[in-house]
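Biologist: I'd like to go through this model and ask how each label was earned. Can you put it up on the screen?

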Amino acid sequence: MSARDSQGTRLDRWLWAARFFKTRSQAADAIAGGKVQINGRRAKRAKLVQEADSIRIRKGPYEFRVVVRALSERRGSAAEARELYEETPESQRARELLATQLKAAAASSFRTKGRPTKRERRDIEKFKRSR
């Protein structure tokens, strides 16, 4: 832990190191778009993250609510990134519920077999003329 860590880590760097975003620029775009909040307030990318801060991250249809457990400015393995935060149980339940709802919606969506064949088009035309 360096002297800089005791002061905090930039929000965009921490989100990148915790593997919420693949690049720092993606993290910065999400922050600028209002998709990231620290302790219930909208933050800027240079905001210093401290241990025990509560962060809300909206990524696609999912929302993560995490508590910062450690600081890092370096991107490590997924296992190391998982040690940087702790997701709240309510957040995990809400994400799992949404995932099952999205899977059910995708499975039940109506799919047609595509454009009608030549024979089906002739039948449609015949039906339209007979009315």
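Modeller: Sure, and keep in mind that the model is predicted. Where shall we begin?

Biologist: Why is the contact between Arg45 and Asp12 called a salt bridge?

Modeller: The cut-off is 4 Å between a side-chain nitrogen of Lys or Arg and a carboxyl oxygen of Asp or Glu. Arg45 and Asp12 come to 3.4 Å, N to O, so the pair qualifies. It's also a link between distant parts of the chain: Arg45 lies in the loop between β3 (41-42) and β4 (48-49), and Asp12 in helix α2 (residues 11-17), 33 residues apart.

Biologist: What makes Asp12 count as buried?

Modeller: Buried means under 20% relative accessible area, and Asp12 has 0%, so the label fits. Arg45 has 39%, which puts it between 20% and 50%, so it's partly exposed.

Biologist: Which other side chain meets Asp12 in a salt bridge?

Modeller: Arg10 does, at 3.2 Å, N to O. At 22% relative accessibility, Arg10 counts as partly exposed.

Biologist: How do you know that Arg13 and Glu73 form a salt bridge too?

Modeller: Their N to O distance is 3.9 Å; the limit is 4 Å, so they pass. Arg13 sits in helix α2 and Glu73 in the loop between β6 (62-68) and α4 (78-82), 60 residues apart. Arg13 is partly exposed at 24%, while Glu73 is buried at 18%. Salt bridges with shared partners also join Arg10, Asp12, Arg24 and Arg45 into one network. By this rule, the count of salt bridges is eight.

Biologist: On to the rings. How many aromatic pairs are there?

Modeller: The count is four. Take Phe20 and Phe64: their ring centres are 5.5 Å apart, with the planes at 70°.

Biologist: Why is the pair of Phe20 and Phe64 called edge-to-face?

Modeller: Centres have to lie within 6.5 Å, and planes over 60 degrees apart count as edge-to-face. With 5.5 Å and 70°, Phe20 and Phe64 meet both conditions, so edge-to-face it is. Phe20 lies in the loop between α2 and α3 (24-32) and Phe64 in strand β6, so the pair ties together parts that are 44 residues apart in sequence. Both Phe20 and Phe64 are buried.

Biologist: And what makes the pair of Phe20 and Tyr85 tilted?

Modeller: The centres are 4.8 Å apart and the planes at 45°. That angle is neither under 30 degrees, for stacked, nor over 60, for edge-to-face, so the pair is tilted. Phe20 in its loop and Tyr85 in strand β7 are 65 residues apart. Trp14, Phe20, Phe64 and Tyr85 form one aromatic cluster.

Biologist: Which residues touch the most other members of the largest nonpolar core?

Modeller: Leu11, Trp14, Leu15, Phe20, Ile55 and Ile57, out of 22 residues in that core. Helix α2 gives the most to it, with four residues.

Biologist: How do you know that Lys59 lies over the face of Phe21?

Modeller: NZ of a Lys has to be within 6 Å of the ring centre and within 35 degrees of the ring normal. Lys59 is at 5.4 Å from the centre of the Phe21 ring, so the distance condition is met, and the pair is listed as lying over the face.

Biologist: Why are β3 and β7 (85-87) called edge strands?

Modeller: Five strands form an open sheet in the order β3-β2-β5-β6-β7, with antiparallel pairing. β3 and β7 each have a single partner strand, so one side of each is left without a neighbour in the sheet. Further in, six bridges join β5 (residues 54-59) to β6, and Ile57 stands opposite Phe64 in β6.

Biologist: How do you know that the length of helix α6 (residues 118-130) agrees with expectation?

Modeller: At 1.5 Å a residue, its 13 residues should span 18 Å, and its end C-alpha atoms are 19 Å apart, which agrees. Helix α6 is hardly covered, too: the count of buried residues in it is zero.

Biologist: What makes Ala52 exposed?

Modeller: Exposed means over 50%, and Ala52 has 57% relative accessibility, so it qualifies. Ala52 is in the loop between β4 and β5, and its phi is near 80°, a positive value in a residue other than glycine.

Key
Residues numbered from 1 in each chain as written. Heavy atoms only, no water. Buried < 20%, exposed > 50% of the residue type's maximum accessible area, 1.4 Å probe, protein only. Helix = DSSP H or I, 4+ residues; strand = E, 2+ residues; numbered from the N terminus. Expected span 1.5 Å × (residues − 1). Pairing = 2+ DSSP bridges. Phe/Tyr/Trp six-rings, centres within 6.5 Å; stacked < 30°, edge-to-face > 60°. Core = buried A, V, L, I, M, F, W, Y, C linked by side-chain atoms within 4.5 Å.
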